[in-house]
Amino acid sequence: MSRTVSLVLLDAVGRPLGALPPFDVPEPWWQEVHSIVDTVRQRHGLEVTVLRLLDADRSAPPGGHVRYLAQTVDAPAVPLEPAAVDLAPHPLRQPWADAGGPARSVAWATGELSRLGRRVTAVAQQRTWNLSAIWRLDTDQGPAWLKQLPSFARHEPTVLAFPGDQGVGVGDDLPDDTNSLINGPVVLAADGEGRMLLDDVPGEDRYGAGEGERAAVAAEHHAVQWRACGVVGELVTAGVPDLRGAGLTDWIHERLAGHDVAAAADLLDGLDHRLRQVADCGLPDTVVHGDLHPGNVRGDGRRRVVIDWADSFVGHPAFDILRLTEDVDADAAARLVDAWARRWRADVPGSDPHRAVDLLRPVAPLRLAAVYAMFLAAIEPGEHPYHVHDVPAALARAAAVARP
């Protein structure tokens, strides 16, 4: 599946110029823009920065004919087609989605790298949507990555840079040279307003990882979570979302208010009771990645690093093993959960990890429904197609899992 792209251009000061002729790019995923930038450069000799989604011919990604707003500082040599575009400001628009926003962010990153003694040799836009904007910056000392986050995800650099020398249950599976609680990318700089600069992580994203590699990821992640058990209060004080116990119930209900939750009404009504039963299983709260699938793991054959901690929170560790086993067959999932449970029983004698997993199995998609609802409440309507179908789909999954 591919995408057909129409690009409406603004000039250097944000005035509309018109649209380039439509063209195809190989990736169907709407937020991936590196091939759009490359194609325009190759076809038209034009440097562009993609700002945001305007509209599409289908109600949700992937694929289809998608129209974006972009900015250029060059004078297009190709004739442009007339294009109607609404440039009115919106209170929920992300700062990187407006004219001049990406340039300001890249200038900040370039300045931070210069301060660190690294000279930028090339900049390449990779992704832009309501959840993040990402650029690769090549330097004379290797690549770095600029990531810009919305307000609800700005705790990611805090999690990544949280100090790891608390001496609390240090896991043998962590690298000897770690000085951070988290096995994640190194934060080179953060501005407190959503921008962060990350050092490069060698290797490839591990989409499609098999059972063996997932087992290794789970073991390494357990070491992180066991270390974090003793500092959950400090993590919450530092700004990491607190989704422990009854706090998770309130958080889910607040975010799903206004959505049709009939499909999962019984589960929602019994959520407090279910979470009290989870607490009785005896596992401690810790840091939770929130989206621990193999695509958020990067490895080079020697070391794996867990990336994209924007969904992280303080809560129950079972949420991560449920996500990691979500798309494998039942037998493999059972083996992975068994190994996870053995580690927790060894660390917390008398606990019942298997029962905690069973109780939280329908809560995991219910929490995701609330996450998607949070996204929708925090983004401008033009970006809603990215997530609008996710809330009812996650509620339906939660209800299906909760049925006897």
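**Group meeting: a walk through the model**

Let's start with Asp308, which is found in the loop between E14 and strand E15 (313-315). Before I go on, please keep in mind that this is a predicted model. What is the phi of Asp308 near? The value is near 60 degrees, so we have a positive phi in a residue other than glycine. As a reminder, most residues other than glycine have a negative phi.

While we are on backbone geometry, there is another spot to look at. The peptide bond running from Pro61 to Pro62 is cis, and its omega is near 10 degrees. Pro62 sits in the loop that lies between E4 and E5. For context, most peptide bonds are trans.

Now back to E14, because it belongs to a sheet. That sheet is open and has three strands, ordered E11-E13-E14, with antiparallel pairing. Its edges are strand E11 (204-205) and strand E14 (304-306), each of which pairs on one side only. Three bridges hold strand E13 (residues 297-299) and E14 together in the antiparallel sense. If you want one pair to click on, Gly299 has Arg304 in E14 as its bridge partner.

Next, the five-stranded sheet. In what order do its strands run? Going across, you meet E6-E7-E8-E10-E9, in an open sheet with antiparallel pairing. Here the edge strands are strand E6 (120-129) and strand E9 (187-190), and each of them pairs on one side only. From one strand to the next, the twist averages 20 degrees. A helix packs on this sheet: H2 (residues 101-115) touches E6, E7, strand E8 (144-148), E9 and strand E10 (195-199). The direction of H2 makes about 45 degrees with that of E10.

Let's zoom in on the E6 side. E6 and strand E7 (residues 132-139) run antiparallel and are joined by eight bridges. Within that pairing, Ala124 stands opposite Arg136 in E7.

On to the side chains. How many salt bridges does the structure hold? There are 27 salt bridges. One I'd like to show you is between the side chains of Arg52 and Asp98, at 3.6 Å from N to O. This pair links distant parts of the chain, 46 residues apart: Arg52 is in strand E4 (residues 48-56), while Asp98 is in the loop between strand E5 (64-72) and H2.

Last stop, a pocket. The second largest pocket has a volume of about 470 Å³. It is lined by 21 residues, and the closest to its centre are Gly184, Pro185, Val186, Arg303 and Val305. What is the make-up of that lining? Its residues divide into nine nonpolar, five polar and seven charged. Notice that Val305 falls within the range of E14 (304-306), which brings us back to where we came in.

Thanks, everyone, and I'm happy to rotate the model for anybody who wants another look.

Technical notes:
Residues are numbered from 1 along each chain as its sequence is written. This is a predicted model: local features need pLDDT of at least 70, side-chain atom pairs count only at pLDDT 80 or more; totals for chains, interfaces and linings use all residues. Side-chain values use heavy atoms; hydrogens and water are left out. On a 1 Å grid over the protein atoms alone, a cavity is a set of points where a 1.4 Å probe fits but cannot get out, and a pocket is an open set with protein on both sides within 12 Å along at least five of seven lines; lining residues have an atom within 4 Å of a point. Grid points are joined across faces, edges and corners, and a volume is the space filled by probe spheres set on the points. Ala, Val, Leu, Ile, Met, Phe, Trp, Tyr, Cys and Pro count as nonpolar, Asp, Glu, Lys and Arg as charged, and the others, Gly among them, as polar. Two strands pair if DSSP finds at least two bridges between them. Helices (H or I, at least four residues) and strands (E, at least two) are DSSP runs, numbered from the N terminus. Axes are lines fitted to C-alpha atoms, for helices over the stretch in contact, and angles run from 0 to 180 degrees between N-to-C directions. Contact means heavy atoms within 4.5 Å. A salt bridge is a side-chain nitrogen of Lys or Arg within 4 Å of a carboxyl oxygen of Asp or Glu.
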